[in-house]
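Look at the sequence and the model below. The paragraphs that follow go through the sheet, the helices and the charged pairs in turn.

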Amino acid sequence: MRVLVVENMAKTELGQVGTALREVKAEIEVRRAYAGEPVPETAEGFDALVVLGGEQSALDDAAFPYLPQLAALMRHFGDSDRSVLGICLGSQLLARAYGATNLLGEAKEFGWHDVRVRPEGQSDPVLASVGESFPIFQWHGDTFTLPDGAVHLAENNVTRHQAFRVGRAAYGTQFHFEADTDLVEDWNRAFPQTINRLDPTWLAEYPAHARRHGEKANAAGLSLARAWVATIRQGEARAPSDEVLEEAC
């Protein structure tokens, strides 16, 4: 199993998604697009794609000119029946790839917040793994409309489109289910000034937040990660993809 991972910002890591991929001995290839590493033009040679978060918006093409190509790549993977996972910025790019509208600054959340699984999500192979609701880490200001034909999987009172699926296994999650408490604590150390602007009390009160939400959020995140990894089809197990990919291009 070969999985392409695209990072859009330093200190964005696979976290629990990486744990689930290592459990199945996946080969992981990381491209640090924000640092100038090239994004492939096609899905050839990979079974799945993960696109992680970042500080930029999904429309920030002037500062990050690789974004249109990355959005197109996500669609190539999805249209060729390969599994796709877009987290936070990655979900916004997946929505863009499938023709939705990106809404900048319209859904600001930070910290652990509850997410509700919609009826459609309760029968979904990935979202069904976490029951009707779960706490999970959030760090975003932007959101998006739902792409035409997408399945709306999860929501909360701040962000209507917390999770969606296009096709068989192209998933976008606005929430950071990869971020267990270890990764959140890394972000606390790496981005204290940014965090203080978002929530001046967060760092001082973090131990209490972690006691209240950390264990449940960690468990939910790992369940989601394992369930998404289970959607990955290898090689000939995928539907024939070359013609689909040519049409998508």
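In the hairpin of β10 and β11, which residue takes a positive phi? That residue is G167, with a phi near 65°, and the hairpin has three residues between its strands. The model is predicted, so a local feature is used at a pLDDT of at least 70 and a side-chain atom pair at pLDDT 80 or more, while totals for chains, interfaces and linings use all residues. Residues are numbered from 1 along each chain as its sequence is written, and side-chain values use heavy atoms, with hydrogens and water left out. The names of the elements come from DSSP: helices are runs of H or I of at least four residues, strands are runs of E of at least two, and both are numbered from the N terminus.

Start with the sheet. Strands of a sheet pair through backbone hydrogen bonds, either parallel or antiparallel. Here two strands count as paired if DSSP finds at least two bridges between them. Nine strands form an open sheet with mixed pairing, in the order β2-β1-β3-β4-β11-β10-β9-β6-β7. At the edges are β2 (27-32) and β7 (133-140), each of which pairs on one side only. On average, neighbouring strands of this sheet are turned by 25° against each other, direction ignored; such angles are taken between axes, which are lines fitted to C-alpha atoms (for helices over the stretch in contact), and run from 0 to 180 degrees between N-to-C directions.

Several of these pairings can be followed residue by residue. Edge strand β7 pairs with β6 (residues 109-117) in the antiparallel sense over eight bridges, and W112 has F137 of β7 as its bridge partner. Strand β10 (residues 163-166) has antiparallel pairings with two strands: with β9 (residues 151-155) over three bridges and with β11 over four bridges. In the pairing with β9, V151 has R165 of β10 as its bridge partner. In the pairing with β11, V166 is matched with A170.

Is β10 covered on one face or on both? In a regular strand the side chains alternate between the two faces of the sheet. For β10 both faces are covered, with A163 and R165 buried on one side and F164 and V166 buried on the other. Buried means under 20% relative accessible area, exposed means over 50%, and partly exposed lies in between, using a 1.4 Å probe and protein chains only.

Now turn to the helices. The contact of α3 (residues 89-97) with α2 brings the two helix axes within 8 Å, and they cross at roughly 75°. The two helices are therefore roughly perpendicular to each other, on a scale where under 35 degrees is roughly parallel, over 145 roughly antiparallel, 65 to 115 roughly perpendicular and the rest oblique. The contact (heavy atoms within 4.5 Å) is made by L67, P68, L70, A71, M74 and R75 of α2 and by G90, L93, L94, R96 and A97 of α3. By class, it has eight nonpolar, one polar and two charged residues; Ala, Val, Leu, Ile, Met, Phe, Trp, Tyr, Cys and Pro count as nonpolar, Asp, Glu, Lys and Arg as charged, and the others, Gly among them, as polar.

Helix α3 is mostly covered, with eight of its nine residues buried. The buried ones are L89, G90, S91, Q92, L93, L94, A95 and A97. Just after α3, G99 takes a positive phi of about 90°.

The last topic is charge. Side chains of opposite charge can pair when their charged atoms come close. A salt bridge here is a side-chain nitrogen of Lys or Arg within 4 Å of a carboxyl oxygen of Asp or Glu, and the whole structure has 13 salt bridges.

One of them joins E23 and R226, whose closest N and O atoms are 2.8 Å apart. E23 lies in helix α1 (residues 15-23) and R226 in helix α7 (residues 202-229), so the pair ties together parts that are 203 residues apart in sequence. E23 is partly exposed at 40% relative accessible area, and R226 is partly exposed at 42%.

Another salt bridge joins D61 and R96, at 2.9 Å from N to O. D61 is in the loop between β3 and α2, R96 is in helix α3, and they are 35 residues apart. Both are partly exposed, D61 at 25% and R96 at 21%. Elsewhere, salt bridges that share partners join R2, E27, E29 and R31 into one network.
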